Amino acid sequence: MTTKSLKKILVANRGEIACRVMRTAKQMGLTTVAVYSDADKHAQHVKLADEAYHIGPAPSKDSYLVADKIIDVAKQAGVDCIHPGYGFLSENCDFALACEKNDIAFIGPPASSIEAMGSKTRAKEIMHQANVPLVPGYYGDNQDTEFLQAEAEKIGYPVLIKAAFGGGGKGMRVVEHAKDFISALEGAKREAKAGFGNDLVLLERYVTKPRHVEVQVFADSHGNCVYLGDRDCSLQRRHQKVIEEAPAPGLSDALRKEMGEAAVRCAQAINYRGAGTVEFLLCGDEFFFMEMNTRLQVEHPVTEMVTGVDLVNWQINIAAGEALPLNQADIQLQGHSFEARIYAEDPSNDFIPCSGHIDALFTPNESEFVRIDTGIAAGDEISPFYDPMIAKLIVHDDNREAALGRLSKALEQFHLSGFSCNVNFLHNLANHPTFQAGAPDTHFIEDQGERLVAKNEQQSVIATVVAAYASAHQLKGESSSPWQQLTGFMLNSDAKITIPFVDLNVHAVKTAEGFEISLDGVDYTTSGKVENGLANLVVNGEKIVGHINQTDSHITVMYKAQQTVLELIDKHYISEHESDALPLAAPLNGTVVKHLVEVGSTVTKGDAVIIIEAMKMEYTLNAPHDGVLTSYCFAEGELVSHGDMLAIVEEPEA
């Protein structure tokens, strides 16, 4: 491959990764081109790009996943290279070939390498030939249900069903018992088909209590290949990574070298080029090959922080035909780094994804120790059509303990309002003694149950007092004259202000320095200021710093990584959540995937009735009580909104 100067890059992606790639491309002097769907017309990646082109409706299958549209834009814009980011077309060998046929440099590996690793079954065969340990399983093409069920029996339960062409937890099911195998298989295949266009699955023995450790590799077209350390990605929920770190803690130098060299052999076996990640299950000092991701990983920043390497810069230069700038001996790891994935989701409600308007956004200051990769800003809409990850918070310091402390502090400074997010959950993780002691296994979050989503009650009380102060300040007005205040007054008596919070009895009385606030019979002396969203108060002698945002219906206080939302009463008040308790009401915006029960059938409380899909995940809704399913309110394939009733189950007549 000859070296050529790349000048104009199209980023075939959206959100934070599109913005991240463009930042490096601009630093390198390339002209940047964005593509966008209907939902992303005003997105940050569109604003950041030098040029932007519309590619279709909001659903990714009609826009970001349509290779022909991307190629057409590339030719129209006159680009000489395409960076696919991650997800979407990043591991699509046909797309890589299409780039090659149109003389456009694909910033990724050759199509043959993608194809080799794209099928997890073929990948296992290649790794077997390379003498890399494999987990026992079935990796063939026979997808007959009865055959797969028999293979599962041979492997022994629990069994992991896994999309052969997927990743990110999509198309994956853990089956504990044989009776659940067929329904789990059907669900995994549906999700795989929807997410990756191919429903081929493989089966593996489900390894209990493993760690997830992966190795970053990089190869050029001149025969050179190196590994840039490892990452521990064991903190997962629903098979999706939550917090990642580099380097992986607790590995001996010998084991780290052995895993790195095995990862290089994997890349060399498929004539790899560019950035890739080899994922292993680590069980004690034994490791087993899981898969190779033939793209840049979401968690690549932690590797950048400990190596000082800009991996996107390397990707672009390698795609231009240049040789790797460093050999293995040159690569040294410095310090420790963590990445926390910030999602629009409600951890207290089984991590259900959220969508909506970002009313306010406050983030920690970026520095050599703190980095934020995001594609959002205050005022943006979080669409239900895409993955709910909205930002990545990355920190670095001299050692693991110091870096973890920085992560905790930075999370306390990351605040947004408008919908639920997982910042408090991440903060609880960062401060959990088990995680602080070292990387736990991949089941840690699941095993902890509700403890990791619990809120600090004292912080909630303080947040309520802060909200009451802001509300009282607004109701009382700036002027000391009673004729210019919004509340009534009585001669020779302090005016008591009733704070209009739903389901709370809160009062405030103006004092010389602030307000005396009564909450649940407890008095709080407050003073200070709330300006431009920043609350800087003293409550009972303690300094309180947080952020606050008020709309017509809510006040949101963001304090120490915890979001407290207080609903405001008005004369037209009707609960927005009155249907939340109904099991057959849509828990979020989405699409009806499958009716599981025929109309007219008798159902028992808890029976699965309907499946909806949103933000790339499936959700099964169950019968709220015994009865007869009398109707479905939406057909399969129809879009539904949060709160829509999806089906009717009538109780049997007495």
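Helix α8 is the biggest contributor to the lining of the second largest pocket, giving 5 residues. Keep in mind that this is a predicted model.

That pocket has a volume of about 420 Å³. Its lining counts 16 residues, and the ones closest to the centre are R173, D180, S183, A184 and T620. Besides α8, the strands β8 (172-175), β34 (608-614) and β35 (617-622) each put in at least two residues. Here is how the lining of the second largest pocket splits by character:

| Class of lining residue | Number of residues |
|---|---|
| nonpolar | 7 residues |
| polar | 3 residues |
| charged | 6 residues |

Now for α7, where α8 turns up again. Helix α7 spans residues 145-155, and its buried residues are L148, E151, A152 and I155. Looking down the axis of α7, these buried residues fall within an arc of 105°, so they line one face of the helix. The general rule behind such a pattern is that an α-helix has 3.6 residues a turn, so residues three or four places apart point the same way. Flip to the other side of α7 and you find E146 and K154 exposed.

What sits over the buried residues of α7? The cover includes α8 (181-196), along with the strands β6 (137-138), β7 (159-163) and β9 (201-205).

The two ends of α7 are worth a look too. At the N-terminal end, D144 acts as a cap, with a side-chain oxygen 3.2 Å from the backbone nitrogen of E146. Just after the helix comes G156, which takes a positive phi of about 95°.

Definitions and conventions: Residues numbered from 1 in each chain as written. Predicted model: local features only at pLDDT ≥ 70, side-chain atom pairs only at ≥ 80, totals over all residues. Heavy atoms only, no water. Buried < 20%, exposed > 50% of the residue type's maximum accessible area, 1.4 Å probe, protein only. Helix = DSSP H or I, 4+ residues; strand = E, 2+ residues; numbered from the N terminus. Arc of directions from axis to C-beta. Contact = heavy atoms within 4.5 Å. Polar contact = N/O pair within 3.5 Å; in protein donor to acceptor, adjacent residues only side chain to side chain. 1 Å grid on protein atoms, 1.4 Å probe; cavity = no way out; pocket = protein on both sides within 12 Å on 5 of 7 lines; lining within 4 Å. Points joined across faces, edges and corners; volume = space filled by probe spheres on them. Nonpolar A, V, L, I, M, F, W, Y, C, P; charged D, E, K, R; others polar.
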